[in-house]
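Trainee: Please give me a close look at a single residue and its surroundings. Then follow the chain of contacts outward from there. What should I know before we start?

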Amino acid sequence: MDLSLLVENLAQVRARIEDAARRSGRGADEITLVAVTKYVEIEIARALVEAGCTDLGESRPQELWRKAEQMSDLAVGWHLIGHLQRNKVKRTLDYAGWIQSTDSVRLLETLEEQTDGRSLRLPVLIEVNISGDTEKHGFTPQELEGLLPRLGKFSRLEVRGLMCMASLTGDRDRAREDFANLRLLRDRLRPECPEGVSLEELSMGMSRDYDVAILEGATIVRVGSALFEGVRP
Ligand SMILES: *Cc1c(COP(=O)(O)O)cnc(C)c1O
């Protein structure tokens with residue numbers, strides 16, 4: 001295992017983020033890099049944190065619990081980025097700082113019930129199935145429109161924005177279209193936001209397309225494999 005390569009990959013990803021941020025008229029500090037550790041073991045995840053990358057994402061709740069437990073000596077902001085079943089909410093809330101992948105009203109209600117006792121509101125993003133892939137989770141744009149006025153009632157959740165994945169089959173051009181569509185949807189719905197609800201954050205872009213996502217307004221990118229190229233044996 002070559003951890004120096006990990007540091008190099010991270011520097012490269014950060015440089016591309018900075019470049020794309022500049023081209024979109026923003027600074028790199030306006031973009032949050034969430035390193036997706038689902039492919040790698042604790043040792044590599046730890047090395048990432050030690051290299052300064054303190055926001056980590058996992059798509060499976062059990063894997064997030066396991067890593068968070070074994071890394072509890074480090075200051076990590078854990079983001080759940082995959083589907084969360086309601087029977088896993090309680091335990092996930094012990095570890096995750098952000099739930100990026102809220103994809104049903106029932107999940108939002110369960111989160112609201114079970115965040116009881118936390119001192120701060122729980123930051124969440126609403127997942128939108130912007131590409132219309134049938135096998136994907138997330139609200140359709142029409143559903144989001146209906147949901148929006150109801151989001152104000154979740155007093156323990158802090159709705160911060162939207163999250164999406166680009167079409168599973170498309171290329172970078174198709175991905176860019178999906179990202180642009182999420183931003184347009186957000187811009188259109190923003191005036192209808194109830195008090196206490198924000199759509200500021202756009203979590204979009206993965207290894208193959210985080211640069212174009214930033215050009216389309218991403219504020220959070222979720223990058224996995226690009227960080228680990230050549231690192232794993
Ligand atoms: C795995 C995953 C990522 C990271 O994917 P890479 O292509 O490896 O960068 C980002 N977002 C979600 C929701 C994922 O499941």
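Mentor: Begin with exposure: a residue is buried under 20% relative accessible area, exposed over 50% and partly exposed in between, using a 1.4 Å probe and protein chains only. The model is predicted, so local features need pLDDT of at least 70 and side-chain atom pairs count only at pLDDT 80 or more, while totals for chains, interfaces and linings use all residues. Residues are numbered from 1 along each chain as its sequence is written, and side-chain values use heavy atoms, with hydrogens and water left out.

Our starting point is Arg160. Its relative accessibility is 23%, so Arg160 counts as partly exposed. Arg160 sits in strand E6; strands (E, at least two residues) and helices (H or I, at least four) are DSSP runs numbered from the N terminus. Contact here means heavy atoms within 4.5 Å. Leaving aside neighbours within four places in sequence, Arg160 contacts Trp98, Pro123, Val124 and Leu125. Its other partners are Ser198, Leu199, Glu200 and Glu201. Now look along the chain. Arg172 is 12 residues away from Arg160 in sequence, yet their C-alpha atoms are 26 Å apart.

Follow Glu201, one of those partners of Arg160. The side chain of Glu201 makes a polar contact of 2.6 Å with the side chain of Thr219. A polar contact is a pair of N or O atoms within 3.5 Å; within protein, one must be able to donate a hydrogen and the other to accept it, and residues adjacent in sequence count only if both atoms are side-chain atoms. Thr219 is in the loop between helix H8 (210-215) and strand E8 (220-223). Thr219 counts as buried because its relative accessibility is 13%. Beyond four places in sequence, Thr219 touches Glu200, Glu201 and Leu202, and also Arg26, Glu30, Ile31 and Thr32.

Arg26 and Ile31 lead to Ala21, which contacts both of them. Ala21 also contacts Gly27, Ala28 and Ile214, again leaving aside neighbours within four places. This alanine lies in helix H1 (residues 3-23). Ala21 is buried because its relative accessible area is 0%. From Ala21 to Asp2 is 19 residues in sequence and 29 Å in space, C-alpha to C-alpha.

Next, the ligand. Met206 takes us there: it lies in the loop between strand E7 (201-203) and H8, and it is among the residues around the ligand. Those residues each have a heavy atom within 4 Å of it. The others include Lys38, Tyr39, Ser59, Gly224 and Ser225. Met206 is partly exposed, because its relative accessible area is 36%. It touches Met165 and Arg222, not counting residues up to four places away in sequence. Ala175 is 31 residues from Met206 in sequence but 10.0 Å from it in space, C-alpha to C-alpha.

Three pairs involve oxygen atoms of the ligand. A polar side-chain atom of Lys38 is 2.7 Å from one oxygen atom. A side-chain N or O atom of Ser225 also has a ligand oxygen atom at 2.7 Å. For Gly224, a backbone N or O atom is 2.8 Å from a ligand oxygen atom. On its own the ligand has 390 Å² of accessible area, and the protein covers 90% of it; the areas come from the Shrake-Rupley method with a 1.4 Å probe.

Back to strand E6. It spans 157-163 and is one of the elements packed against the buried residues of helix H5. Those buried residues are Leu107, Leu108, Thr110, Leu111 and Glu112. The list of packing elements also includes H4, strand E4 (98-102), strand E5 (122-127) and helix H6 (141-147).

Take H4, where Val89 lies. Val89 is buried because its relative accessible area is 0%. It contacts Leu107, Thr110 and Leu111, along with Leu84 and Gln114, neighbours within four places left aside. Pro61 is 28 residues from Val89 along the chain, with 8.7 Å between their C-alpha atoms.

Pro61 brings us to helix H3 (residues 61-70), where it is one of the buried residues. The rest are Glu63, Leu64, Trp65, Lys67 and Ala68. Their cover includes helix H2 (42-50), strand E2 (55-58), strand E3 (77-80) and helix H4 (89-93).
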